[in-house]
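This briefing covers the fold, the sheet and selected residues of one protein chain. Please read it alongside the sequence and the coordinates.

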Amino acid sequence: MIKVTLNSERKEIEQPSSLQQALVLWGYGEGMVAVAIDGQVVPQAKYDETMLQAGHDIVVIAPMQGG
């Protein structure tokens, strides 16, 4: 298990885990989201090959409906 921070909340995940696998686990798998790891935006095409590491600070932004 490794510990990461997701939107300011501590999470534990199995290692190794890709960003895509973690997003599915966290309920973001099918939605359109923007993700930054340690302040760096990750292109959606790289979610599957981006491996998470202990201590990563992950920010997930999902679009909101309404207005």
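Along strand 5 the side chains alternate between two faces: Ile-58 and Val-60 point to one face and are buried, whereas Asp-57, Val-59 and Ile-61 point to the other and are not. The model is a predicted one. Its chain contains 1 helix and 5 strands, and the 5 strands form an open sheet.

**Overall fold**

- Read from the N terminus, the elements of the protein chain follow the pattern β-β-α-β-β-β.
- The radius of gyration of the chain is 12 Å, close to the 11 Å that the globule rule gives for 67 residues, so the chain is as compact as a globular protein of that length.
- The C-alpha trace spans about 40 × 25 × 20 Å along its principal axes.
- Of the 67 residues in the chain, 33% are buried.
- Among contacts with a separation of 6 or more, 52% come from residues 24 or more positions apart.

**The sheet**

- The strand order in the open sheet is 2-1-5-3-4, and the pairing is mixed.
- Strand 2 (9-13) and strand 4 (40-42) stand at the edges; each has a single partner strand, so one side of each is left without a neighbour in the sheet.
- On average, neighbouring strands of this sheet are turned by 35 degrees against each other, direction ignored.
- In general, strands of a sheet pair through backbone hydrogen bonds, in either the parallel or the antiparallel sense.

**Strand 5 and its partners**

- Strand 1 (residues 2-6) pairs with strand 5 (residues 57-61) in the parallel sense, over 2 bridges.
- On the strand 1 side, Thr-5 has Asp-57 of strand 5 as its bridge partner, and Leu-6 has Ile-58.
- Strand 3 (residues 34-37) runs antiparallel to strand 5 and is joined to strand 5 by 4 bridges.
- Ile-37 stands opposite Ile-58 in strand 5.
- Ile-58 is thus listed as bridge partner of Leu-6, and Ile-58 also faces Ile-37.

**Ala-36 in strand 3**

- Ala-36 lies in strand 3 and is buried, with a relative accessible area of 16%.
- Leaving aside residues up to four places away in sequence, Ala-36 touches Val-41, Val-42, Asp-57, Ile-58 and Val-59.
- Ala-36 and Leu-23 are 13 residues apart along the chain, and their C-alpha atoms are separated by 12 Å.

**His-56 before strand 5**

- His-56 lies in the loop between strand 4 and strand 5.
- This loop residue, His-56, is buried because its relative accessible area is 12%, under the 20% cut-off.
- The side chain of His-56 reaches the backbone nitrogen of Gln-53 at 3.0 Å.
- Not counting residues up to four places away in sequence, His-56 touches Lys-3, Val-4, Thr-5, Ile-37, Asp-38 and Met-51.
- One of these contacts, Thr-5, is the residue whose bridge partner in strand 5 is Asp-57; another, Ile-37, stands opposite Ile-58.

**Salt bridges**

- The whole structure holds 3 salt bridges.
- Glu-12 and Lys-3 form a salt bridge through their side chains, at 4.0 Å from N to O.
- Both ends of that pair are partly exposed: Glu-12 has 46% relative accessibility, and Lys-3 has 45%.
- Lys-3 is also among the residues that His-56 touches.
- A salt bridge also links the side chains of Glu-9 and Lys-11, at 3.3 Å from N to O.
- Glu-9 is partly exposed at 45% relative accessibility, and Lys-11 is partly exposed with a relative accessible area of 24%.
- Lys-46 forms a salt bridge with Glu-49, where the closest N and O atoms are 3.6 Å apart.
- Here Glu-49 counts as exposed at 53% relative accessibility, while Lys-46 is partly exposed with a relative accessible area of 40%.

Notes
Residues numbered from 1 in each chain as written. Predicted model: local features only at pLDDT ≥ 70, side-chain atom pairs only at ≥ 80, totals over all residues. Heavy atoms only, no water. Pairing = 2+ DSSP bridges. Axes fitted to C-alpha atoms, helices over the stretch in contact; angles between N-to-C directions. Buried < 20%, exposed > 50% of the residue type's maximum accessible area, 1.4 Å probe, protein only. Polar contact = N/O pair within 3.5 Å; in protein donor to acceptor, adjacent residues only side chain to side chain. Contact = heavy atoms within 4.5 Å. Rg over C-alpha atoms; globule rule 2.2 N^0.38 Å.
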